[in-house]
Amino acid sequence: MDKLLIEGGTPLKGSVRISGAKNAALPAMAAALLTSDRVELENIPRVRDIITMGRLLAHMGAIVETPAIPPTAMIFQAEEVNGAEAPYELVKTMRASILTLGPLVARSGHARVSLPGGCAIGARPVDLHLKALEQMGAEIGMSHGYVEARAPRGGRLPGGRVFFDKITVTGTENILMAAVLAKGETLIENAAREPEITDLAELLIKMGADIEGAGTSTIRVHGKEKLHGAKHTIIPDRIEAGTFLVAGAITKGDLELTGCAPEHLTSVIAKLRETGVDIRETGPGKLRVRGAKKLVASDVITEEYPGFATDMQAQFMALATQAEGTSVITETIFENRFLHASEMIRMGANISVEGRRAVVHGPATLSGSEVIASDLRASASLVLAALVARGETVIDRVYHIDRGYERIEEKLAGVGAVIRRV
Ligand code: UD1
């Protein structure tokens with residue numbers, strides 16, 4: 001199993017190119033199931049979850065091409081969907097496999113997707129996805145650990161009024177993809193407003209879908225009988241960008257991020273500025289971050305977009321260990337997302353966790369230790385902590401980070417970090 005070895009203490013300097021957003025690419029790939037034509041996507045990050053989704057689509061009968069040039073392109077063609085089924089083997093490694101449920105039932109009239117099961121950061125059920133599909137007229141059943149969704153008489157879904165009791169990102173995406181091929185109109189209320197939803201809607205509109213309101217909490221969809229092929233460039237990864245902003249800040253470096261979307265990073269930038277970090281837009285898609293001599297503590301509460309993303313909470317905690325004063329971090333989206341705290345404590349951080357709140361007293365001198373990555377963003381936060389720790393940190397279970405960060409050690413080494421994979 002791969003490990004990352006990091007020697008802390010070097011300020012990061014130079015330029016880093018931000019990859020395409022994994023969380024926008026995954027639903028865009030699933031959307032290729034909605035048409036028999038070619039869907040060409042660009043700016044796809046080369047990360048593990050993308051490979052998994054590619055395998056899942058191939059399993060369902062889609063042709064998946066990964067051309068050499070440009071290296072971030074992928075082409076999909078699901079001329080026919082055979083076996084509208086997502087097997088446990090693939091779903092268990094990636095919860096986002098549930099994103100095939102909506103497009104499959106819309107296209108084939110039925111779908112069978114394995115239940116994702118538990119995950120490290122909380123129970124993460126799919127009840128909201130299923131209830132919403134029922135509101136659109138699907139019949140939902142469960143057997144042998146699989147969800148089965150059926151449109152009436154195996155035809156098209158009628159569509160309907162969907163209200164999400166709780167905001168869900170992939171739930172909104174699933175219903176959006178089911179609704180574009182429904183017979184009638186679908187109104188989605190309390191929809192998620194993440195930029196990844198807007199990006200998916202843009203792709204679907206290019207494919208011929210009729211969607212209004214994506215990016216707001218009410219989305220209206222007029223179903224179409226058929227969609228066609230399209231070309232689309234995936235938005236930049238705001239979480240990777242946020243992670244590199246923290247990397248620049250925590251090492252008191254001077255980094256330029258290129259190919260990013262500053263407009264998707266408003267809450268993260270505001271929060272980092274509150275701690276004293278200097279962040280400026282230096283051109284289209286460019287951000288420059290310079291570390292402050294002294295970081296000051298700041299509280300953070302995770303919220304749905306446009307609030308502070310739960311996917312940036314762990315990275316912010318790493319920064320908070322270096323800030324002077326007490327930072328209170330409140331996690332409102334997931335119930336068990338502080339697994340990185342105990343590893344940071346082993347490195348010398350002063351953190352106490354009570355339920356959904358973590359209290360960080362700083363600054364603490366971190367020392368290189370052997371730590372274990374528990375989930376994707378937690379592993380990123382341990383890399384950040386290691387970048388300022390004295391001596392060498394060994395991060396085990398790096399496969400978590402490979403699920404969502406493209407060539408992280410290469411990108412970090414390119415701006416001066418002492419990091420290698422063994
Ligand atoms: C997506 C992102 C993930 C991010 C999360 C929150 C992708 C592939 N993943 O995950 O990186 O951390 O949004 O921004 O885009 N919930 C239910 N029932 C459901 C669905 C969700 O109770 O049927 C709960 C979840 O347990 C969680 C909350 O709702 O507490 C929000 O989860 P959700 O927005 O659905 O997260 P994902 O879409 O899985």
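In what order do the four strands of the open sheet with S4, S5, S3 and S14 stand, and is the pairing mixed or of one kind? The order is S4-S5-S3-S14, and the pairing is mixed. The legends below take this sheet and other sites in turn.

This is a predicted model: local features need pLDDT of at least 70, side-chain atom pairs count only at pLDDT 80 or more, and totals for chains, interfaces and linings use all residues. Residues are numbered from 1 along each chain as its sequence is written, and side-chain values use heavy atoms, with hydrogens and water left out.

**View 1. The sheet S4-S5-S3-S14.**
Strands are DSSP runs of E with at least two residues, helices are runs of H or I with at least four, and both are numbered from the N terminus. Two strands pair if DSSP finds at least two bridges between them. Strand S4 (63-65) and strand S14 (230-233) stand at the edges. Each has a single partner strand, so one side of each is left without a neighbour in the sheet. Neighbouring strands are turned by 15 degrees against each other on average, direction ignored. Such angles run from 0 to 180 degrees between N-to-C directions, with axes fitted as lines to C-alpha atoms, for helices over the stretch in contact.

**View 2. The pair S4 and S5, with the loop that joins them.**
S4 and strand S5 (residues 74-77) are antiparallel and share three bridges. Val 64 has Phe 76 in S5 as its bridge partner. The loop between S4 and S5 holds Pro 70. A cis peptide bond links Ile 69 to Pro 70, with omega at about -15 degrees.

**View 3. The sheet S10-S11-S13-S12.**
This open sheet has four strands and mixed pairing. Strand S10 (161-163) and strand S12 (210-212) are the edge strands, and each pairs on one side only. Here, too, neighbouring strands are turned by 15 degrees against each other on average, direction ignored. Inside the sheet, strand S11 (residues 185-189) and strand S13 (residues 218-222) run antiparallel, joined by five bridges. Ile 188 is matched with Ile 219 in S13 as its bridge partner.

**View 4. The hairpin of S16 and S17.**
Strands of a sheet pair through backbone hydrogen bonds, either parallel or antiparallel. Strand S16 (residues 278-283) and strand S17 (residues 286-290) run antiparallel, with five bridges between them. Asp 278 has Arg 290 in S17 as its bridge partner. Two residues lie between the strands of this hairpin. Gly 285 sits in the turn, with a positive phi of about 70 degrees.

**View 5. The shell around the ligand.**
How many residues surround the ligand? The count is 19, and the closest are Asp 127, Thr 168, Thr 170, Asp 311 and Ile 333. A residue is near a molecule if one of its heavy atoms lies within 4 Å of it. By class, the shell has eight nonpolar, five polar and six charged residues. Nonpolar means Ala, Val, Leu, Ile, Met, Phe, Trp, Tyr, Cys and Pro; charged means Asp, Glu, Lys and Arg; the others, Gly among them, are polar. Domain 1 (4-19 + 236-421) and domain 2 (22-233) each give at least three residues to the shell. The domain bounds come from an automatic or database domain assignment.

**View 6. Polar contacts to the ligand.**
A polar contact is a pair of N or O atoms within 3.5 Å; within protein, one must be able to donate a hydrogen and the other to accept it, and residues adjacent in sequence count only if both atoms are side-chain atoms. A polar side-chain atom of Asn 23 is 3.0 Å from an oxygen atom of the ligand. For an N or O atom in the side chain of Arg 95, the distance to a ligand oxygen atom is 3.2 Å. For Lys 166, the corresponding distance is 3.3 Å. Helix H5 (127-135) and helix H6 (169-179) are the elements that give two or more residues to the shell. H5 provides the largest share, three residues.

**View 7. Backbone details in two loops.**
Tyr 305 and Pro 306 are joined by a cis peptide bond, with omega at about 10 degrees. Pro 306 lies in the loop between strand S18 (300-301) and helix H10 (313-320). Asn 43 is a residue other than glycine with a positive phi, near 65 degrees. Asn 43 is in the loop between strand S3 (38-42) and helix H2 (48-59).
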